[in-house]
Amino acid sequence: MGPADLQRYHSLLLKKQHELSSALSEAYSRVPAAGGLQGDMIDQANADADAALQIRLHRTDGRLARAIEEALARIKRGTCGVCEVCRQPISEARLEAVPWTQLCRGCKERSAT
Ligand SMILES: [Zn+2]
């Protein structure tokens, strides 16, 4: 991976990190405060379900945020774009789609099964 690719990969990660932090603050603002004044029981149930969904989304995004931070750290060390299992270069198409990945497609598929 050349310096130009590294730079592009780096800005992709920063962009994703920014999107994620906006999504996270939005998710937080949508979670109703505990004991907030709600209308009838149905509204309360919907609000609870919505809050649970947002919290679940938040947990997923939290893992993603860490993965992005780790990818940025790998760029600093110059070790990005290499599969951490088989040590083969990860395809550019895959990095473009999932810039924080640590696994090539083959290893990812093996780890998922
Ligand atoms: Zn691999």
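This is a guided tour of a predicted model, moving from the whole chain to the metal site, the nonpolar core and the charged pairs.

**The whole chain**

Begin with the full chain in a cartoon view, where the secondary structure comes to four helices and zero strands, so that the elements read α-α-α-α from the N terminus on. If you then colour the 113 residues by relative accessibility, buried residues make up 25% of them. With a surface switched on, the chain exposes about 7800 Å², of which carbon and sulfur atoms supply 56%. A contact map is a useful companion to this view: among contacts with a separation of 6 or more, residues 24 or more positions apart account for 57%.

**The zinc site**

Next, select the zinc ion together with C83, C86, C104 and C107, whose SG atoms coordinate the metal at 2.2 to 2.3 Å. Along the sequence these donor residues follow the spacing C-x2-C-x17-C-x2-C. What geometry do the four donor atoms give the site of the zinc ion? The angles among them run from 105 to 115°, and the site is tetrahedral. As a reference for those angles, the ideal value for four tetrahedral donors is 109.5 degrees.

While these residues are still selected, compare two of the donors with the cut-off for burial, which is under 20% relative accessible area. C104 has 14% relative accessibility and therefore counts as buried, and C107, at 5%, is buried as well.

**The nonpolar core**

Keep C83 in view and add Y9, L13, I68 and W100, because these five residues touch the most other members of the largest nonpolar core, which holds 17 residues. C83 thus appears twice on this tour, as a donor to the zinc ion and as a member of this core. Now colour helix α1 (3–30) and helix α2 (41–77), each of which supplies at least two residues of the core; the greatest contribution is that of α2, with six residues.

Centre the view on Y9 and display its surroundings. Which residues does Y9 contact once its neighbours within four places in sequence are left aside? They are M1, A71, I75, C80, G81, L95, P99 and T101.

**Charged pairs**

Finally, display the side chains of Asp, Glu, Lys and Arg, among which the structure holds five salt bridges. In general, side chains of opposite charge can pair when their charged atoms come close.

Select D5 and R8, whose side chains meet in a salt bridge with an N to O distance of 3.5 Å. The two are three residues apart in helix α1, so about one helical turn separates them. D5 is partly exposed at 23% relative accessibility, and R8 is also partly exposed, with a relative accessible area of 35%. Adding E92 and E96 to the selection completes a network of salt bridges that links these residues with D5 and R8.

Then move along helix α1 to E19, which forms a salt bridge with K15, the closest N and O atoms being 3.7 Å apart, and another with K16, where the closest N and O atoms are likewise 3.7 Å apart. K15 lies four residues from E19, which means about one helical turn between them, and K16 lies three residues from E19, again about one turn of the helix. Are these residues buried or exposed? E19 is partly exposed, with a relative accessible area of 39%, K16 is partly exposed at 26% relative accessibility, and K15, at 53%, counts as exposed.

Technical notes. Residues are numbered from 1 along each chain as its sequence is written. This is a predicted model: local features need pLDDT of at least 70, side-chain atom pairs count only at pLDDT 80 or more; totals for chains, interfaces and linings use all residues. Side-chain values use heavy atoms; hydrogens and water are left out. Donors are N, O and S atoms within 2.8 Å of the metal (3.2 Å for Na, K and Ca); water is not among the atoms, so sites may look incomplete. Four donors count as tetrahedral if all angles lie between 85 and 135 degrees; four count as square planar and six as octahedral if opposite donors are over 155 degrees apart and all others between 65 and 115; anything else is irregular. Buried means under 20% relative accessible area, exposed over 50%, partly exposed in between (1.4 Å probe, protein chains only). A nonpolar core is a set of buried Ala, Val, Leu, Ile, Met, Phe, Trp, Tyr and Cys residues joined through side-chain atoms within 4.5 Å. Contact means heavy atoms within 4.5 Å. A salt bridge is a side-chain nitrogen of Lys or Arg within 4 Å of a carboxyl oxygen of Asp or Glu. Accessible areas come from the Shrake-Rupley method with a 1.4 Å probe; for residues, only the protein chains shown count as cover.
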